[in-house]
Amino acid sequence: MATLPERSLIDKAADLIRGAQYLAVLTGAGVSAESGVPTFRDKDGLWDKYDVTTLATLDAFLADPAFVWKWYDWRRTLIVKVAPNPAHDAIAKLEARMKLAEKGFALITQNIDNLHRLAGSSDPIELHGNIWKVRCLKSCRKGAAPFDLLDSPLKEIPPKCPHCGGIVRPHIVWFGEMLDPEDIRRAFEAAAQADVMIVVGTSNLVYPSAALPYHVMEDGGKVIEVNLGVTGLSGDADVVLTGPAGEILPKLV
Ligand code: BJW
Ligand code: ZN
């Protein structure tokens, strides 16, 4: 079992959270690792095994939609079998407590796996989309807005748009694509309001998400990092809790 941070560090973080008027939580793939969802940049992570440029860009999709869809179908069949872990549960509990105390709360996630919702988080800002949603590649009138496609495994690859018969794409933000402007607005507004942000299980390398903790700090807010390892943020965060999110977050709650 991994060594957990000393009690005094957990207490320091808990004191910050207790004093917060507005708590923001920013999560990445590490929060779902203990559920069995692979991360991206860790050893044995997705980018260790697969080439980003052939899978996570629009050009790759346009070149070979079936190939990219097969990869997403594989990930969907994996994700459908897993459940939220104690880290997701702890974040949902933090939201409930902040709301009970009539304080502000926002959950911002880079994850596309839907596990925060399954754990009871009410309104996660899903910066990079959701693996259970698709939209029409041609943006036909009725298919342009994201809609659910829950079949797992998929009945056909690539799946077709029920409105125009063209193909649909995963409702996921690939490299070089713009995030939804409303998601960006809400995330940066939360960072501006937050006096404390907990950053959990992210390498904090991907922008614009990686800028959010710095936005909090620039406005005088505090940042607590929870991660198995050291990241670029670790040197700047106010409290760094090293260890598995599924063990540290329940202790904080
Ligand atoms: C644990 C744990 C446990 C493990 N407990 N911890 C400004 C500067 C530089 C570059 C850019 C910039 N602005 C934009 C860019 C380009 C690019 C970018 O950021 N590149 C960087 C890599 C340099 N950004 C974009 O392209 C974004 N679009 C954009 O900005 O549009 C405007 C624009 C357009 C054109 C040009 C310029 C600007 C879009 C980014 C979309 C990211 N999409 C992905 C993949 C989607 C595909 C899919 O999932 O199917 O989203 S990339 C991938 O990385 C995925 C993740 O959400 C994201 C973040 O990864 P995350 O969550 O941090 O995971 P890992 O694996 O990196 O880290 C896991 C961490 O957990 C580790 O630290 C572990 O230690 C830890 N851990 N187990 C606690 N149990
Ligand atoms: Zn369509």
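This short presentation describes a predicted model, beginning with ligand 1 and its surroundings and ending with three points along the backbone.

Good morning, colleagues. I will start with the site of the ligand. The space that ligand 1 takes up is the largest pocket. Around ligand 1 there are 36 residues, and the closest of them are Tyr 72, Arg 75, Thr 202, Ser 203 and Asn 227. By character, this shell consists of 18 nonpolar, 13 polar and five charged residues.

Where does ligand 1 lie with respect to domain 1 and domain 2? Domain 1 comprises 1-37 + 84-128 + 180-253, and domain 2 comprises 39-81 + 130-172. Ligand 1 lies between the two domains, because both of them give residues to its shell.

As for the helices, helix H2 (30-33) and helix H6 (65-79) each contribute at least two residues to the shell around ligand 1. Which helix gives the most to that shell? The answer is H6, with three residues.

Let me turn to individual polar contacts of the ligand. The side chain of Thr 202 places a polar atom 2.6 Å from an oxygen atom of ligand 1. An N or O atom in the side chain of Glu 34 is 2.7 Å from a nitrogen atom of the ligand. With Leu 228 the backbone is involved: one of its polar backbone atoms is 3.2 Å from a nitrogen atom of ligand 1. As to burial, ligand 1 taken alone exposes 1500 Å², and the protein buries 77% of that area.

I now leave the ligand and move to the backbone. In the loop between strand S5 (147-148) and strand S6 (168-172) we find Pro 153. The peptide bond that joins Ser 152 to Pro 153 is cis, with omega at about 0°. Pro 158 is also placed in the loop between S5 and S6. Here the bond from Ile 157 to Pro 158 is cis, and its omega is near -5°.

The final point concerns Asp 44, in the loop between H2 and helix H3 (46-49). What is the sign of phi at Asp 44, a residue other than glycine? Phi is positive there, with a value near 70°.

To close, I return to the ligand: ligand 1 occupies the largest pocket, and it lies between domain 1 and domain 2. Thank you for your attention.

Methods. Residues numbered from 1 in each chain as written. Chains lettered and ligands numbered in written order. Predicted model: local features only at pLDDT ≥ 70, side-chain atom pairs only at ≥ 80, totals over all residues. Heavy atoms only, no water. Near = heavy atom within 4 Å. Polar contact = N/O pair within 3.5 Å; in protein donor to acceptor, adjacent residues only side chain to side chain. Areas by Shrake-Rupley, 256 points an atom, 1.4 Å probe, with all protein chains shown as cover. 1 Å grid on protein atoms, 1.4 Å probe; cavity = no way out; pocket = protein on both sides within 12 Å on 5 of 7 lines; lining within 4 Å. Sits in = over half its atoms within 2 Å of the grid points. Helix = DSSP H or I, 4+ residues; strand = E, 2+ residues; numbered from the N terminus. Nonpolar A, V, L, I, M, F, W, Y, C, P; charged D, E, K, R; others polar. Domains from an automatic or database assignment.
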